[in-house]
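Colleague: I am new to reading protein models, and the vocabulary puzzles me. Could we go through a few terms together?

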Amino acid sequence: MPNPTAQNHQITNFSIFFWATSFFIIIFTVIISTLTRSPPPATQMADPALHPETPPYHKTQPLKQIAIDYTPDACTHCSDSNSITLVYDHRGGARWRTTTRFLYGTFSSLIQCPKGNTSGLNFNIYLSSMEGDKSQDEIDFEFLGRDRNLVQTNYYTTGTGNREQIHDLGFDCSDGFHRYVIKWGPDLIEWLIDGKVVRKEEKREGEWFPEKPMYLYASIWDASYIDEGRWTGKYEGCDAPYVCLYKDVHVPAETAIDG
Ligand SMILES: *[C@@H]1O[C@H](CO)[C@@H](O)[C@H](O)[C@H]1NC(C)=O
């Protein structure tokens, strides 16, 4: 006669073995499926430049080459480090520009403005279809030397501006580098400082909007004769040379127009 106790033990041992094995198989399956879970769909990690809401003309590349319009001695450009220096002193200021025009795109630079008493001076970064032309299209960031906590934005269509706005920076523009960006499209212009949109202009039905291919320009000049010194202040000059630094300059990658 079989030993009932031994049989019970066999049954108990078998069910412990059965349940323990099932338990470990379940745990093992959960761990493996967690470790091998497929990554999120690629669209979630796509390059923002390729996002449908970002038109291709906003793709940028580092600025490689510049032209200097006047006082070449007062402008240095280092292509390798992507930095440009403009100096204002007894020689007058200087102006650089890109070698090609662009039709739309994102233009970006880190800028550290000159130190000392900059009263009277204007330093800037801007787009213009042609500096000196009276029917130019233009989009501006202009610093007013009398107060380095301010920047003026403006835009022109066929020589007509009068759309000045003055923005409080919340910092002294000579205090380290800050990033200034102009995003220009067929229906929208945005001015950004350190990643924040400070001004936005949309094309309105029946109104002119900048549409001529434009160079990127930057200059430093004595603007104290304009509006009897009320715009940039009376020129002081005691802290010359005044040095304006541009770094990590980016221009549109795909919208250059030759000539
Ligand atoms: C800078 O120069 C202007 C013009 O001469 C003067 O009015 C202003 O007080 C000066 N600012 C400082 C901080 O010295």
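Modeller: Let's take some residues and strands one by one and ask what earns them their labels. Keep in mind that this is a predicted model.

Colleague: Happy to! What helices and strands are there in the protein chain?

Modeller: The chain has one helix and 17 strands. Of its 259 residues, 30% are buried.

Colleague: Why is Glu138 called buried?

Modeller: Count its neighbours: 23 other C-beta atoms lie within 10 Å of Glu138. The label asks for 20 or more, so Glu138 is buried.

Colleague: And what makes Glu142 count as buried?

Modeller: Glu142 has 20 C-beta neighbours inside 10 Å. Since the cut-off is 20 or more, that number is enough, and Glu142 counts as buried.

Colleague: Where do these two residues lie, and what does UniProt say about Glu138 and Glu142?

Modeller: Glu138 lies in strand β9, which covers residues 138-144, and Glu142 lies in β9 too. An unreviewed UniProt entry places the feature "active site" at both positions; such an annotation may be inferred rather than shown by experiment.

Colleague: Which residues does Glu142 touch, beyond those up to four places away in sequence?

Modeller: Glu142 touches Asn122, Asn124, Val151 and Gln152. With neighbours within four places again left aside, the contacts of Glu138 include Tyr126 and Tyr155.

Colleague: Now a loop residue. How do you know that Ala74 is buried?

Modeller: Ala74 is found in the loop between β2 and β3. It has 20 other C-beta atoms within 10 Å, and 20 or more is what the label needs, so Ala74 is buried. Leaving aside neighbours within four places, its contacts include Leu86, Arg91 and Ala94. The C-alpha atoms of Ala74 and Tyr88 are separated by 7.2 Å, although these residues are 14 apart along the chain.

Colleague: What makes you say that strand β7 is largely enclosed by the rest of the structure?

Modeller: Six of the eight residues in β7 (residues 105-112) are buried, so the strand is largely enclosed.

Colleague: How do you know that β7 is paired with β12?

Modeller: Pairing takes at least two bridges, and seven join β7 to β12, so these strands are paired. They run antiparallel. The same test works for β16: four bridges link it to β7, so they pair as well, also in the antiparallel sense.

Colleague: Which residues stand opposite Ser108?

Modeller: Ser108 stands opposite Val181 in β12 and opposite His250 in β16.

Conventions: Residues numbered from 1 in each chain as written. Predicted model: local features only at pLDDT ≥ 70, side-chain atom pairs only at ≥ 80, totals over all residues. Buried ≥ 20, exposed ≤ 12 C-beta atoms within 10 Å, placed from the backbone. Contact = placed C-beta atoms within 7 Å.
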